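Reader: I've got a model open and would like to talk through its architecture. Can we go piece by piece?

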Amino acid sequence: MEKQRATLKDYGYRDFTVMNKIYQILKKFLVVFIIFGLYISIIVIAIQSLNESRIISEFTRLSFKWYGNIFQEEELMQAIKNTFLVSGIATVLATFLGTFFAIGLYALSKKVRVIWMLLNNVPILNADIVTGFSLMLMFRLLMVVFPNIFGLFTLVMAHLFFTIPYVVLSVMPKLKETDPNLMDAALDLGVRPYKALIKVVIPAIKAGIFSGMLLALTMSIDDFVISYFNTGAGFDNLSIWIYAVIGRRNLTPSVYAFSTLLTLFTLLGLLIYSFLQKQKKGRKNEKNNINGRAS
Amino acid sequence: MNKEFKVLARPYMVWLSILVFVPILAMILISISNLNSSVSVGDLVISFSHFKLLLESSTLIAFRNSLFFATLTTLFSFVLGYFIAYEIKLSRFKNKFILLTIVILPMWSNLILRTESLANIMSENNILKSILGFNLFGNISGTGAAVLFGLVFTYMPFMILSVYTALEKIDFALEEAALDLGLSPIKKFWKVVFPLSLKGVVTGSIMVFLPTLAGFAIPKILSRGRIVFIGTIIENKFVYTNYNHGALLAVVILFFILGSILLLTKFDKEGETLL
Amino acid sequence: MENKKPLIELKNISKSYDDETVVNDVNLTIYENEFLTLLGPSGCGKTTILRMIAGFIKPEAGEIIINGKIFNDLPPYARPIHTVFQKYALFPHLNVIDNVAFGLNNRSWEYLESFFGKDKIEKEAKELGDVSKKTVIRKAIKNLIYKDSEQALKLVKLEGFKKRKVDQLSGGQQQRVALARALVNKPQILLLDEPLAALDLKLRQNMQYELKEMQRNLGITFLFVTHDQEEAMTMSDRIVVMKEGVIQQLGSPKSIYNEPINRYVANFIGETNIIKGTYVKKDVVNFLGVDFKCMGYTFNDNEEVDVVIRPEDFDVVDVEKAKLVGEVVFSLFKGVHNEYEVLVKNEKLLVHTYESYEVGQPIGLTIDPYEIHMMKVEVSE
């Protein structure tokens, strides 16, 4: 006897097959639209960097000359140098300090920690314009004592202010994940606390430190608003410089070339990173297999 | 963790206490006094005369613009960003890291430069038109649509990241349980997946809403100076060194932020979805 | 068994992942109102079968027939089946009672009308007001959902926990909520995927007893998956022993324990002795050099057989009266009984007895004819 097939209708459900097909088509359009929206400006920057003409409204001929020109543009080079100087100092300091601050905060009781974590999140959540403007006002009041305070010093301070919280925030979950007995085991073996910290805890949380560092660098390099209010003495980073030059409408296409190169390097770095990650996973699996067979 | 390490937090407590509170107190003080960079502390006079600024129509329009665009941007980012985050989660592609990277890669490029390029191709004669032969964006240069487009696609990655983080944490067994209990896939989404991802939506919304509300560079560049945000006014006051007015407006923005932080702590106590 | 109605029939079901066959041509009929257990080590395909019946996995070949209809293509939400998941899968954004009511709360009004029945709804609605109003009827249905949910919580002994948050419950309590959440929908079949695995021993034993009680009282078919043979023995009406995607033996706990069909089943179900022997002629078997009387088995005369004797089936007697004489080489006190390893003609036998012997002492053994079980010798690969 041929058995009957059960249908959705038998059990009081509508058949969504047609609707699902429509959604699948709609979905593709939406994905294309969003990718377009996210990438159009980067693509345009790349096109502008390959345009021979300095006039950005017309594509005349393909040329790589702006790439060669990056080093000849003095103002641009200065802005790039300033950006890397500020972000370099801020990132290194923020990573180092943020890691130890996070360990310190983690040692507090949970109640106290929650309060300080809330304060830690203020620079992240606070609007850049408020952070930038208020820091500027504080530094201005300090000008009474230190008249030449604005410049590299205020920039680094401001950048530290908003980068340390990111490091703390990425290290904290890793600390929570580490085995609470790890420290005790080290101490039990006669290692002094601070040595144990460096030998045992830091290696256990290094993934968090690394991602915190990347986050700090990203935030610092791309910052415009806070830097804009807190720079001085002509110490312009890339964002400030571009913002100023746009007003004068004579931006050199070498900026586009530089930005495109930076994007390509970032992409390359990420590809290498994910490739290494994959290899690491592969090796881990192999190890597990060997262990599995041995046991 | 060893209690001995508490001391490591102490410098940070000092640092945070000073840098979170002193600038804000300074800002509040400057907004209600004659204190300016040129005035010495001795002649300090408290006055609320600056508050007239808040009632000027240009200020009110700027507030309205900021709120309007911040709300719209958050809404669009939410709809589109949630969609992308959900599709990334559903994707059969194993390496989710690469998919997320595709979404956030543009953020590594300079914001001002990206916005300027967007403004370029939105104008009547532009480089894309000279290649394609037609205007991709029609003629929206300087309009609210141009500003909205720029804001949505600048800040959407924040929404995608926080929603994705929340979605990833949902145990797949819960979705199976919902199906098992008779919920169709659409109902399953609304009754289980969406409520459990709400944390991420709130965090993402705040991370989109606040920078939009307080921003000035993107609207200024994309509207060609036509649409004034509250940030635009603050920038002007800064350029013309009218710090009292600038501080007053920044204090108002601060109130919006405090409200948002309160909202966030209700949904996400330890800031798990912040990263 | 004969007059029972088949509820689920699996016909030639197969499933494989990346060339590895997990379920291989399985045929199984599950009847109304029985407690059936799929038993086997991890990776034997028992959970895959469960998930195919629930609808989470589609079989590659074969048919899943429920109530006489082919269910292969029906998604899980449309099946009259509910599952208790291994890690409970309670919804963290809902409290206990809302978790239990979740399934019914999300059904269509038409479904709920036939679920509760017109009479019951109208009776409930009369207390609320105008019966002709749609809102009143709906309010009545919602009331009934929560009444049923409370009833289900009572059934699992969690009445006082209605408003609790799920994460404030212990593992055992979460388990009960998961059970109530499935039972309140009055499924024809309840699937249980190792639901007791995460509980500690004492709690597990209590739950085993309660589950069995519940199944008997509610008249629902339970399909239970476990790797714990003791659990399977305690609760089941019938047990399916599986290995590498193939059913080894299907039968009552007693028959599986006493008459294992092959070495795999014999070893998996409790401790046992498997001894090489010869079926001499009808009702006579020879092993360890001695002829024994046996009953109920038919093989060819002088065929090689595997003899299965459970350790508690040996009778310990005086050496003079014994059919087998051996030496105690290892002893272990197990509380109720003593466990000995007895060396008989270079063969180690496991013996359980209440008598006490020292290591090195001689020991005499006999076996009743009905305690001697035999299996066909397997051709080893």
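Reader: What is the strand order in the open sheet of five strands?

Author: Bear in mind that this is a predicted model. The pairing in this open sheet is mixed, and chains A and C both supply strands. Reading across, the order is S1(A)-S5(C)-S4(C)-S1(C)-S2(C).

Reader: Which strands stand at the edges?

Author: Look for strands with a single partner strand, so that one side is left without a neighbour in the sheet. That fits residues 4–5 of chain A and residues 20–31 of chain C. The edge strands are therefore S1 of chain A and S2 of chain C.

Reader: In which sense do S1(A) and S5(C) pair, parallel or antiparallel?

Author: S5 of chain C covers residues 69–70, and two bridges link this strand to S1(A). Gln4(A) stands opposite Lys69(C) there. The sense is parallel.

Reader: And which residue is the bridge partner of Ile66(C) in S5(C)?

Author: S4(C) and S5(C) run antiparallel, joined by two bridges. They make a hairpin with two residues between them, and Asn67(C) in the turn has a positive phi of about 50°. Across that hairpin, the partner of Ile66(C) is Lys69(C).

Reader: How many bridges pair S1 of chain C with S4 of chain C?

Author: Here S1 spans residues 6–17 and S4 spans residues 61–66, both in chain C. One pair to click on is Lys11(C), with Glu63(C) as its bridge partner in S4(C). The two strands pair in the antiparallel sense, and the number of bridges is five.

Reader: Over to chains A and B: which helix gives the largest share of chain A's side of the contact?

Author: The contact takes 71 residues from chain A and 78 residues from chain B. On chain A's side, 12 residues come from a helix covering residues 17–49. By class, that side holds 50 nonpolar, 17 polar and four charged residues. The helix you want is H1 of chain A.

Reader: At what angle do H3(A) and H1(B) pack?

Author: H3 of chain A runs over residues 74–106 and H1 of chain B over residues 6–31, with their axes 6 Å apart. H3(A) passes H1(B) in a left-handed crossing. The angle is about 115°.

Reader: Which residues of H3(A) make that contact?

Author: From H1(B), the contributors include Val7(B), Leu8(B) and Tyr12(B). The contact of the two helices counts eight nonpolar, one polar and two charged residues. On the H3(A) side, the residues are Phe100(A), Phe101(A), Ile103(A), Gly104(A) and Leu105(A).

Note on methods: Residues are numbered from 1 along each chain as its sequence is written. Chains are lettered from A and ligands numbered from 1 in the order in which they are written. This is a predicted model: local features need pLDDT of at least 70, side-chain atom pairs count only at pLDDT 80 or more; totals for chains, interfaces and linings use all residues. Two strands pair if DSSP finds at least two bridges between them. Helices (H or I, at least four residues) and strands (E, at least two) are DSSP runs, numbered from the N terminus. Two residues are in contact if their C-beta atoms, placed from the backbone, lie within 7 Å. Ala, Val, Leu, Ile, Met, Phe, Trp, Tyr, Cys and Pro count as nonpolar, Asp, Glu, Lys and Arg as charged, and the others, Gly among them, as polar. Axes are lines fitted to C-alpha atoms, for helices over the stretch in contact, and angles run from 0 to 180 degrees between N-to-C directions. A crossing is left-handed if the near helix is turned anticlockwise from the far one by less than a right angle, and right-handed if clockwise.
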